Amino acid sequence: MEIKLKPCPFCGSAATMDDTELYYVVQGKYGHACLGVTCGNKDCGAQVSAYNHTGGPLSYETMAEAAAEKWNRRA
């Protein structure tokens, strides 16, 4: 599955998604997790997060799609 992220709506830089390993570490520790998309320009700082409010684990792919949808709606 390939998730496409639009450029940052504020500065035009490429965006990055939180990595898979971090997602599963946090989910394993707390039972649920969030996944974020961040502008690649450290001086910009734009970001969005998708939160898992189901009370149970969700796959990285499911959360990545939700985070990408939120980010791409902003652009």
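Here is a quick tour of the aromatic pairs, the strand pairing and the nonpolar core. Keep in mind that this is a predicted model. Two aromatic pairs turn up in the structure, and ring pairs tie Y23, Y24 and Y60 into a cluster. Y23 and Y60 show up again among the residues with the most contacts inside the largest nonpolar core.

**Aromatic cluster**

- There are two aromatic pairs to look at. In one of them, the ring centres of Y23 and Y24 sit 5.3 Å apart with the planes at 75°, and since over 60 degrees counts as edge-to-face, that is the label this pair gets.
- How buried or exposed are the two partners? Y23 has a relative accessible area of 1%, so it is buried, while Y24 comes in at 38% and is therefore partly exposed.
- The other pair is Y23 with Y60: here the centres are 5.8 Å apart and the planes meet at 70°, so this one is edge-to-face too.
- That Y23–Y60 pair links distant parts of the chain, with Y23 in helix α1 (residues 20-30), Y60 in helix α2 (residues 60-74), and their positions 37 residues apart.
- Both Y23 and Y60 are buried.

**Strand pairing**

- Strand β1 (residues 15-17) runs antiparallel to strand β2 (residues 34-39), and three bridges join them.
- If you want a landmark for that pairing, take T16, whose bridge partner in β2 is T38.
- On to the next pairing: β2 also goes with strand β3 (residues 47-51), again in the antiparallel sense, over five bridges.
- A handy landmark here is V37, which has V48 as its bridge partner in β3.

**Nonpolar core**

- The largest nonpolar core holds 17 residues, and M17, Y23, L35, V37, Y60 and W71 are the ones with the most contacts inside it.
- Which elements give two or more residues to this core? They are β1, β2, β3 and α2.
- Helix α2 supplies the largest share of the core, with six residues.
- V37 does double duty: it is on that most-contacts list, and it is also the bridge partner of V48.

**Around W71**

- W71 is another of the residues with the most contacts inside the core.
- Leaving aside residues up to four places away in sequence, W71 touches L5, K6, P7, C8, P9, A15, V37, T38, C39, A46, Q47 and V48.
- Two bridge partners, V37 and V48, are both among the residues that W71 touches.
- T38, the partner of T16, is one of the residues touched by W71 as well.

How values were computed: Residues are numbered from 1 along each chain as its sequence is written. This is a predicted model: local features need pLDDT of at least 70, side-chain atom pairs count only at pLDDT 80 or more; totals for chains, interfaces and linings use all residues. Side-chain values use heavy atoms; hydrogens and water are left out. Rings of Phe, Tyr and Trp (its six-membered ring) pair if their centres lie within 6.5 Å; planes under 30 degrees apart count as stacked, over 60 as edge-to-face and the rest as tilted. Buried means under 20% relative accessible area, exposed over 50%, partly exposed in between (1.4 Å probe, protein chains only). Helices (H or I, at least four residues) and strands (E, at least two) are DSSP runs, numbered from the N terminus. Two strands pair if DSSP finds at least two bridges between them. A nonpolar core is a set of buried Ala, Val, Leu, Ile, Met, Phe, Trp, Tyr and Cys residues joined through side-chain atoms within 4.5 Å. Contact means heavy atoms within 4.5 Å.
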